[in-house]
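The following questions and answers examine one protein structure. Please consult the sequence and the model while reading.

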Amino acid sequence: MFKGQYILMDIEGTTTSVAFVYDTLFPFFKDRIHDFLRDRASLLSVAEPLRLAQNTLWEEAGVVFTLEELAGQLVAWTAADRKHPALKAIQGAVWRAGYENGLLKGHVYEDVPPILTRWKALGMQLGIYSSGSVEAQQLLFKYSIFGDLTPCFSNHFDTAVGPKREANSYQNIAESLQLLPDTILFLSDVVGELDAAAMAGMHTIQVVRPGTVEGSRHAVANDFTAIILPD
Ligand SMILES: [Mg+2]
């Protein structure tokens, strides 16, 4: 029986199909951003990140963009998966509107919700560590295809704690939880992330979904029902 008390998990490729981001969220942003900016660019929550994006474009290209051109730049940044705080904020606002209108539903693999419930019943605490912003994480689980799963999670971490392939990020998470790393189990599809978590002293299991590149250094589970909690 796992003596630890905390299970930390990745989203894309672990709880959720990687395709959800590339085939659903990114195209949704591309389809809506022009209308969204036209309707809401004057709202403070949109105007401020737009100004930051404009500043970056000015520094990089020396050009002031029209609203229409800015929308095009944000789509290009999305396609390049650029990690710019202004892009994250505007994407978050576009997706929030989509989730709240029922146009978007967060993908979660069907094996995940019952196991999360079981772990909670065993007294485990659950948390998310994903490169998507905390807001995007909460939206995905609040409006998931299985309903609101946010009550399952005690904590959400994004790259504000550091990059996912650096051991220091996992030390930061353990510190913030006030737990020893070896009482935490980290689940991810990406070996580089599992290596970093293991280096920080966490237990690791690779979740191998369709399309995942399987490594050899970590225990493996094909879905959440196959996860055997470590000793
Ligand atoms: Mg992943």
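Q: Into which domains is the protein chain divided, and how many residues does each give to the contact?
A: The model discussed here is predicted. The protein chain is divided into domain 1 (6–16 + 106–226) and domain 2 (21–100), whose C-alpha centres lie 28 Å apart. The contact takes six residues from domain 1 and six residues from domain 2.

Q: How do the residues on the side of domain 1 that touches domain 2 divide by character?
A: The side in question belongs to domain 1 (6–16 + 106–226) and faces the contact with domain 2 (21–100). Its residues divide into three nonpolar, one polar and two charged.

Q: Where does the largest nonpolar core lie with respect to domain 1 and domain 2?
A: This core has 49 residues, and those with the most contacts inside it are Leu-8, Leu-74, Tyr-170, Leu-185 and Phe-186. Helix 4 (residues 85–100) gives the most to the core, with six residues. Because domain 1 (6–16 + 106–226) and domain 2 (21–100) both give residues to the core, its place is between them. In soluble globular proteins, nonpolar side chains tend to be buried together. The location asked for is therefore between domain 1 and domain 2.

Q: How many of the residues of strand 5 are buried?
A: Strand 5 covers residues 203–207 and is mostly covered. His-203, Ile-205 and Val-207 point one way from the strand, while Thr-204 and Gln-206 point the other way, and all are buried. The count of buried residues in strand 5 is thus five of five.

Q: In which sense do strand 4 and strand 5 pair, and what is the handedness of the crossover that links them?
A: Strand 4 (residues 184–188) and strand 5 pair over four bridges, in the parallel sense. Within this pairing, Leu-187 stands opposite Ile-205 in strand 5. The chain crosses from strand 4 through helix 8 (residues 191–199) to strand 5, and this β-α-β crossover is right-handed.

Q: Which residue of strand 6 stands opposite Ile-205?
A: Strand 5 is joined by three bridges to strand 6 (residues 219–221), and the two run parallel. In strand 6, the residue opposite Ile-205 is Ala-219.

Q: Is Thr-204 buried or exposed?
A: Thr-204 is found in strand 5. A residue is buried if 20 or more other C-beta atoms lie within 10 Å of its own. Because Thr-204 has 25 C-beta neighbours inside 10 Å, it counts as buried.

Q: What is the C-alpha to C-alpha distance between Thr-204 and Ser-188, and with which residues is Thr-204 in contact beyond its neighbours within four places in sequence?
A: Thr-204 and Ser-188 are 16 residues apart in sequence, and their C-alpha to C-alpha distance is 8.0 Å. Leaving aside its neighbours within four places in sequence, Thr-204 is in contact with Phe-186, Leu-194, Ala-197, Ala-198 and His-218.

Q: Is Asp-81 buried or exposed?
A: Asp-81 is found in the loop between helix 3 (67–79) and helix 4. Although Asp-81 is not a glycine, its phi is positive, at about 50 degrees. Because Asp-81 has 11 C-beta neighbours inside 10 Å, it counts as exposed.

Q: What is the phi of Gln-178?
A: Gln-178 lies in the loop between helix 7 (167–177) and strand 4. With 6 other C-beta atoms within 10 Å, Gln-178 is exposed. Gln-178 is a residue other than glycine with a positive phi, near 55 degrees.

Note on methods. Residues are numbered from 1 along each chain as its sequence is written. This is a predicted model: local features need pLDDT of at least 70, side-chain atom pairs count only at pLDDT 80 or more; totals for chains, interfaces and linings use all residues. A residue is buried if 20 or more other C-beta atoms lie within 10 Å of its own, exposed if 12 or fewer, and partly exposed in between; C-beta atoms are placed from the backbone. Two strands pair if DSSP finds at least two bridges between them. A crossover is right-handed if, with the strands pointing away from the viewer, the path from the first strand over the helix to the second runs clockwise. A nonpolar core is a set of buried Ala, Val, Leu, Ile, Met, Phe, Trp, Tyr and Cys residues joined through C-beta atoms within 7 Å. Domain bounds come from an automatic or database domain assignment. Two residues are in contact if their C-beta atoms, placed from the backbone, lie within 7 Å. Ala, Val, Leu, Ile, Met, Phe, Trp, Tyr, Cys and Pro count as nonpolar, Asp, Glu, Lys and Arg as charged, and the others, Gly among them, as polar.
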